[in-house]
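Trainee: I keep meeting words like "buried" and "edge-to-face". Could we work through what earns a residue or a ring pair such a label?

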Amino acid sequence: MSDAPMPVSLRASAEARVVALGAAGLHGVLLAGFMAYTFVGTRPFSDASVAERLEGNPLDRFAALGLVLLALVSIVLHYRVALRLFLVNLPLVALTGFCFLSMFWSDYPGLTLRRALLLAFLTTIAAGIAAGLQDLRRFHTWWFFGLTGVILINLVGTALWPGIAITDIGVRGLYTQKNVAGLVAMITVVCGATWMLGARGARPVVLALLMLLPTLLFLVLTKSKTSIGLTGVALVVIAGMALAERLGPRFVLLVIGFGFAGLAALLLMFAAYDFELNALLTATLGDASFTGRDELWAFALRSAQERFWLGHGYGAFWDVGLAADPLQRLEPGTWLGDVEIGTINQAHNGYLELWLHIGLPATIFATLIVMAGAVSGVAQSVSTALTRPARAAIGFMTMFLLVYLFHNLTEASLFMRGAVLSNVAVLFLFVLSRSRSLGRPDRGPAEVAATRSFG
C-alpha cells in the first residue's frame, strides 16, 4: 500500500466537500430551529399571563439567542452572499435600526430596547437562513413537510388535551388563540398548493393532496373566519396563476374581464344601498363593526395621532403593565372600557399597530418594503428564465406576502417581534431578494439533482 501523500488539489477538494456538508447541516438545523421556534414555541398548549408578556419568557430568550449564534456562523460561512443580502435589503435593516432608535423617545425605553433586540435577533436569524440557502425546491419542501408536522401535532394535542386546545369560539390547538391556529393552517394550505405546482409527475401531487387533508380539517376546526376567507382567496389566485401559465394570454384576458364585471357588480350593490358603506357591510358581512373592532380602531387611531411622527416607542404601547395599560384611560360604558385590563394587547390592524409604535412615516416605509418584496416575487414567479419548481417556491413566498398585507387589515403582525407572520415575512423578504440567482436552470448538475429528488 502506497504511503504517498494526497495531492494538494484532492486534499483541497475533500476539505471543500466537508465544509459544504457542514454548512448544509448547519442550514438544516437553523431552518428547523426557526420553524420550531415560530410555529411550536417553547411552551406549547399554555397561556401567557399579562405579567409574562411584560417580563418575557426566559426560554424564548434562550432559544432566540441560540438561533442567533447559529445564524452568525452561517453568515460568516457565506459572507459574500450575506454582504449582498445586507446591501439589497438595506431598507429592511434600516427599519430594524429605527425600531432600536425609538427607545430614545419611547414611553418605556427598557421595554423598547428588549423588544427591539428580539426583532433584531429574528432579522439576523432570517438573514442567516437566506444566506445559507442553496436550493429553492428543497426549501419549499422543508416548509411543506415541516408545517404538516406542526398541524399533526396540533390535531394530536387537541385530541389528548381538549380542555386546553378547544375553546367556545373554536379550536386553538397549541397556540394562545384560535386566530393564530387558523393562520398557521392557512400558511400550510398555501404552501402545499404551490408545492404541487412545482411537482413533476402525479405521485407527488397525490401525496400533497393527502398531506393537506389534516390541514384543511384543522383550519375548519379553528373557525377562524379571516384565515378561512384568505385561504379561499389565495387558492383561487393560485389556481388562476396555474391556468394562466397553461392556457396563456387568452385566460389572462378572461380573468381581467371577470374582474371588471365583479367591480361593476360591486358598484351596483353600493348604489343599491345609497352608497352607505355600513349598510353594504351589514348586508354582505353581517357585521359592519367587524366584531367590535371599529371601537378599538378608533381608540388606536386617537392614540396614534398623539405621537403622529415617531410613535410611542417600539413595543411600548401594549403589555406595559396593568397600571399603565392604555385602556385604563377609557371610561366604562363601552365594551373596551369594560373588558378586563390586559386582555387586549393589539389594535387588530397591523398598520395602526405599527403607527402606534414607530409613527406614520416609518409605518408607510415598512408597508412599502413588504409591497416591494411582493412585486419582486410576482415578477420572478412569471419569469421563464427560472425553473418551474423555483417559480413554485417563489409563488408561495409571494402569495404569503400578499396575504400578510391583507391579514394586517384585521390583525396586527406587521413587523411585530415574535408574531408568526412577521417572523416568516422577514425571512421571505430576504430569500426573495436572492431567489432569482437560485432558480436558474443552469446552476449545475448537483443542484439540479437535489431539486429533482424533492418532487
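Trainee: Are Phe139 and Trp143 buried or exposed?

Mentor: Both Phe139 and Trp143 are buried. Keep in mind that this is a predicted model.

Trainee: Why is Phe139 called buried?

Mentor: Its relative accessibility is 2%. Buried means under 20%, so Phe139 counts as buried.

Trainee: And what makes Phe428 count as buried?

Mentor: The same kind of check works here. Phe428 has 0% relative accessibility, and the cut-off is under 20%, so Phe428 is buried too.

Trainee: What describes a pair of aromatic rings?

Mentor: Two values do: the distance of the centres and the angle of the planes.

Trainee: Then why is the pair of Phe139 and Trp143 called edge-to-face?

Mentor: The ring centres of Phe139 and Trp143 are 6.1 Å apart, with 70° between the planes. Centres must lie within 6.5 Å to pair, and planes over 60 degrees apart count as edge-to-face, so this pair fits on both values. Both residues sit in helix H7, four residues apart, which is about one turn of the helix.

Trainee: How do you know that Phe139 and Phe428 are an edge-to-face pair?

Mentor: Their centres are 6.3 Å apart and their planes stand at 70°. With limits of within 6.5 Å and over 60 degrees, the pair is therefore edge-to-face. This one links distant parts of the chain: Phe139 is in helix H7 and Phe428 in helix H19, 289 residues apart.

Trainee: Which residues form one aromatic cluster with Phe139?

Mentor: Phe39, Trp143, Phe396, Phe400, Tyr404 and Phe428 form one aromatic cluster with Phe139.

Conventions:
Residues numbered from 1 in each chain as written. Predicted model: local features only at pLDDT ≥ 70, side-chain atom pairs only at ≥ 80, totals over all residues. Heavy atoms only, no water. Phe/Tyr/Trp six-rings, centres within 6.5 Å; stacked < 30°, edge-to-face > 60°. Helix = DSSP H or I, 4+ residues; strand = E, 2+ residues; numbered from the N terminus. Buried < 20%, exposed > 50% of the residue type's maximum accessible area, 1.4 Å probe, protein only.
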